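Let's take a walk through this structure together, starting at the ligand and then moving out to the domains. Keep the 3D view open as you read.

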Amino acid sequence: MKKICVMGLGYIGLPTSCMFANNGFEVLGVDIDKEIIGKLNSGKIHIDEPDLEEAFNEAIGNNKLKASLEAEPSDVYIITVPTPLNGNKAELKYVIDASREIARHIVRDNIVILESTSPPGTTEDMVGKIIFGSSGLKPGKDYYLAFCPERVLPGKIIRELVNNDRIIGGVDEISGRKAKEIYDSFVKGDIYLTDLKTAELVKLVENTFRDVNLAFSNELSIICRDYDIDVWKVIELANKHPRVNILNPGPGVGGHCIPIDPWFVIQNINRENTLIEKCRYINDQMPIVVTKRIIDLVSDIKNPKIAIFGASYKEDVADTRESPTKTICAELSKNKVNFAVYDPIASDFNFKLSGLNDSVKDADLLVLLVGHNAFRDIDLKEVSSLMGKNRILDTRNFFDPELAEKNNFQYYKI
Ligand code: SAJ
């Protein structure tokens, strides 16, 4: 049996640790956060994700997973630390720290795998060099080095960890094959082998492709307003073409991957006016565009109140990081517009969260920013009876316009 040390116990590291622990490995999860380590070792998880608790309980129950502040000698080291955006560049300090920690323990024939999303070149030029600098061990010669990015969708992490295809880049062919053997323990999808830099760019390109598509649909939503045409109808009909697949416009692009990874693609190349950069700006503008629309829709009301539905970055997840709602709330505050936010799932939001009734009481405009399934059960009749003016701005094409109008709402969408 092999021992795996997983560095970083966040959204990817913890579920990945559980999968390895439940599929034949002894796993030590390492994190710098004392609170997280204490919580995990007392049998509780700090991440809200379907099926994760069951997987974690199995791993802990079988004594296959432990959490610690420090790494230990292991056969395999996997780095799953965050690589956030700093300015418009990747902040790699956590990758550097994790590599240094691994360098303290690594011996010949170990396997080191970077999973954290990183600019091309990071695995070899940063992880490989740090480990060589401290241990004198060369990747491909003395130990195996690979990059194996995650591709899972928050809300479906466990299912997608098992079923998605994966890409692995190796510093050499055998490193790729060694890493594949490890993931083959639980991955049912196909695993494709390539070189390090290609694998690093593939990960970034996947999210950049989505960002560019989203920028297109968001720009379309603005153009359609100029023409006074329903953007949702345009996209629905255009998507009937067998080779067209436009995503849905919305109040902005959130999360900690799609708005960030495109910057990693262009950060180290000397090019101006890239499509990728323009798309980033278009998507980042959307919360401002939506705020202007909100203010416009209540411009006839003295001291209007806005009820905002949805604080998380997308539907049916609790995560509020990089959520468009945050920017919209900040803009409304700046413009001294009174608002209340209702979200039945979200946690850790920068602005106060209210209950359903408090949020809509005396509100003049209900703005739906996130299409949580839980909102489907809302009784629009009751909501309209509590509101001042009955207006809805639906940024996700979520409500049935006929039903909204039947319940005395003036219904607007983006
Ligand atoms: N969004 C729209 N319209 C859409 C789809 C999404 O406005 O039609 C918005 C969402 O509301 C959200 C943002 O885009 O604010 C991002 O959501 P998402 O569901 O597109 O992506 P993430 O960030 O939850 O997960 C992505 C996934 N990447 C791709 O689909 C290419 C996931 O597979 C990756 O593993 C993940 O990034 C990651 O960790 O990199």
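Start at Val152: one of its polar backbone atoms sits 2.7 Å from an oxygen atom of the ligand. Keep in mind that this is a predicted model, with every distance here computed from it.

Now look at two side chains. Glu150 has a polar side-chain atom 2.6 Å from an oxygen atom of the ligand. For Lys203, an N or O atom in the side chain is 2.6 Å from a ligand oxygen. How much of the ligand does the protein cover? On its own the ligand has 780 Å² of accessible area, and the protein covers 88% of that.

Zoom out a little and you'll find 20 residues around the ligand, with Glu150, Val152, Lys203, Arg210 and Tyr313 coming nearest. By class, this shell holds nine nonpolar, four polar and seven charged residues.

So much for the ligand; on to the domains. The domain assignment gives domain 1 (3–189) and domain 2 (280–413), and each of them supplies at least three residues to the ligand's shell. Their C-alpha centres are 38 Å apart.

Where the two domains touch, six residues of domain 1 are in contact with seven of domain 2. About 400 Å² is buried between them, and carbon and sulfur atoms give 48% of this area. On the domain 1 side, Tyr11, Asp48 and Pro154 lose the most area to domain 2, together 76% of what that side buries.

What about salt bridges across this interface? The rule finds zero, and the count of residue pairs in polar contact (both at pLDDT 80 or more) is zero too. The touching side of domain 1 has three nonpolar, two polar and one charged residues.

Methods. Residues numbered from 1 in each chain as written. Predicted model: local features only at pLDDT ≥ 70, side-chain atom pairs only at ≥ 80, totals over all residues. Heavy atoms only, no water. Near = heavy atom within 4 Å. Polar contact = N/O pair within 3.5 Å; in protein donor to acceptor, adjacent residues only side chain to side chain. Areas by Shrake-Rupley, 256 points an atom, 1.4 Å probe, with all protein chains shown as cover. Nonpolar A, V, L, I, M, F, W, Y, C, P; charged D, E, K, R; others polar. Domains from an automatic or database assignment. Contact = heavy atoms within 4.5 Å. Buried area = accessible area lost by both parts, 1.4 Å probe. Salt bridge = Lys/Arg side-chain N within 4 Å of Asp/Glu carboxyl O.
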